[in-house]
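Q: Could you take me through the hollow spaces in this protein, starting with the enclosed one? I'd like a close look at what lines them and what sits around them.

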Amino acid sequence: MKEEPKIVRVVRTLYLLAGLVVLCVVSPEPVTAQEQLDVLLERTAKQAASFLDLISETNCTERVLQEKLSDNGKVVEKEESTFDYLIILSTSDGELNLVESRIAPENAKQQKKLHAPLLISNGFSSLFLIFHPYYASGFVFTQQGEESLNGRTLTKIHFQHIPGMRSPAALAVRGREYPLDLIGTAWIDPATGSIAQLTANVDSGMEDVGLRTLHSEVRFAPVTFHDSPQSFWLPGQATVEVETPHQHWRNTHRFSDYKRFSVNTKEQVAKQ
């Protein structure tokens, strides 16, 4: 048999090596769990930022059920109220400030304002701010797998507040505010970053200011507006349960009939 020229064998070897190099270049490296979490947190942060702009352009109907519970969990006192509800967003010196506005409808003048002896719970519908860039650096996030919720496969993200850092929630006692070290879980759509449900707790460490435990749960629901076919996930219900050494309360806030509005302002300065 005639021996194959050496030049041909060399060319084939180089061709094979070149193919291996190409394969090494195009083969993607596996994505780590931390990289997946970082991508989801970035996506959720963008959703929270856009959601904040949206929520400050909407109003809705809020129905509040305030309950005082006995030691065995039985309702001993309750009050129901209905309000026109909106959130007012303001920024001052780089600080983010959300103010809730509740106005009793004109056809319900007989309804009273939130009863002072019962629990006053404000702002829990905006706990999504945990993932907003303004507050996110004050939390540690870990991924806890996936879970099916109402037919959707969602990613569970555990969060824990870092003491001393910014917190979107605070306890007001005798004119003073104490930031809450929240710990809990959020169920997030991995494709969009939208939050479907969120629970947050304070389990210990604040009995010196009268708080034994706090548990809150916020459920979000899809809402569409007449000027957009897109669905937005807005708060549908927020439940807050608080125990002190001597009292036990539970408040349930239900939000419905969302409407979107816009305000245009124009300022003119008169010429001297």
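A: Let's start with what is closed off: in this predicted model, there is 1 cavity of 30 Å³ or more. The largest cavity has a volume of about 40 Å³. Its walls are made by Glu-62, Glu-100, Arg-102, Ser-121, Asn-122, Gly-123, Phe-124, Ser-125, Ala-238, His-253 and Phe-255. Two elements, β3 and β12 (248-260), each give two or more residues to that lining. Sort the lining of the largest cavity by class and you get 3 nonpolar, 5 polar and 3 charged residues.

Now for the open spaces. The largest pocket holds about 1,100 Å³ of space. It is lined by 38 residues, and the closest to its centre are Asn-122, Ala-169, Ala-170, Leu-171 and Glu-177. You may recognise Asn-122, since it also lines the largest cavity. Several elements give two or more residues to the lining of the largest pocket: β3 (95-103), α3 (133-136), β6 (170-173), β7 (176-179) and β11 (228-243). Of these, β3 gives the most, with 6 residues. The classes here come to 26 nonpolar, 8 polar and 4 charged residues.

Next comes the second largest pocket, with a volume of about 270 Å³. It has 16 lining residues, and Gln-47, Ser-50, Phe-51, Ser-194 and Trp-233 are the closest to its centre. The elements giving two or more residues to this lining are α2 (33-55) and β11. The largest share, 6 residues, comes from α2. By class, the lining of the second largest pocket splits into 8 nonpolar, 8 polar and no charged residues.

That helix is worth following into the packed part of the protein. The largest nonpolar core has 54 residues, and the ones that touch the most other members are Phe-131, Phe-159, Leu-180, Leu-182 and Leu-234. Once again α2 supplies the largest share, this time 8 residues of the core. Take Leu-234 and look at what it touches, skipping residues up to four places away in sequence: Phe-51, Leu-54, Ile-55, Arg-219, Phe-220, Ala-221, Val-223, Phe-225 and Tyr-258. Phe-51 in that list is also one of the residues closest to the centre of the second largest pocket.

For a smaller detail, find Ser-70 in the loop between β1 (58-69) and β2 (75-92). Its relative accessible area is 19%, and buried means under 20%, so Ser-70 counts as buried. What does Ser-70 contact, leaving aside neighbours within four places in sequence? The answer is Val-76 and His-248. Ser-70 and His-248 are 178 residues apart along the chain, yet their C-alpha atoms are separated by 6.8 Å.

Step back and that pairing fits into a wider count. Among contacts with a separation of 6 or more, 54% are between residues 24 or more positions apart. The whole protein has 3 helices and 12 strands. Of its 272 residues, 39% are buried. On the outside, the protein exposes about 17,200 Å², with carbon and sulfur atoms supplying 52% of that area.

Methods. Residues numbered from 1 in each chain as written. Predicted model: local features only at pLDDT ≥ 70, side-chain atom pairs only at ≥ 80, totals over all residues. Heavy atoms only, no water. 1 Å grid on protein atoms, 1.4 Å probe; cavity = no way out; pocket = protein on both sides within 12 Å on 5 of 7 lines; lining within 4 Å. Points joined across faces, edges and corners; volume = space filled by probe spheres on them. Helix = DSSP H or I, 4+ residues; strand = E, 2+ residues; numbered from the N terminus. Nonpolar A, V, L, I, M, F, W, Y, C, P; charged D, E, K, R; others polar. Core = buried A, V, L, I, M, F, W, Y, C linked by side-chain atoms within 4.5 Å. Buried < 20%, exposed > 50% of the residue type's maximum accessible area, 1.4 Å probe, protein only. Contact = heavy atoms within 4.5 Å. Areas by Shrake-Rupley, 256 points an atom, 1.4 Å probe, with all protein chains shown as cover.
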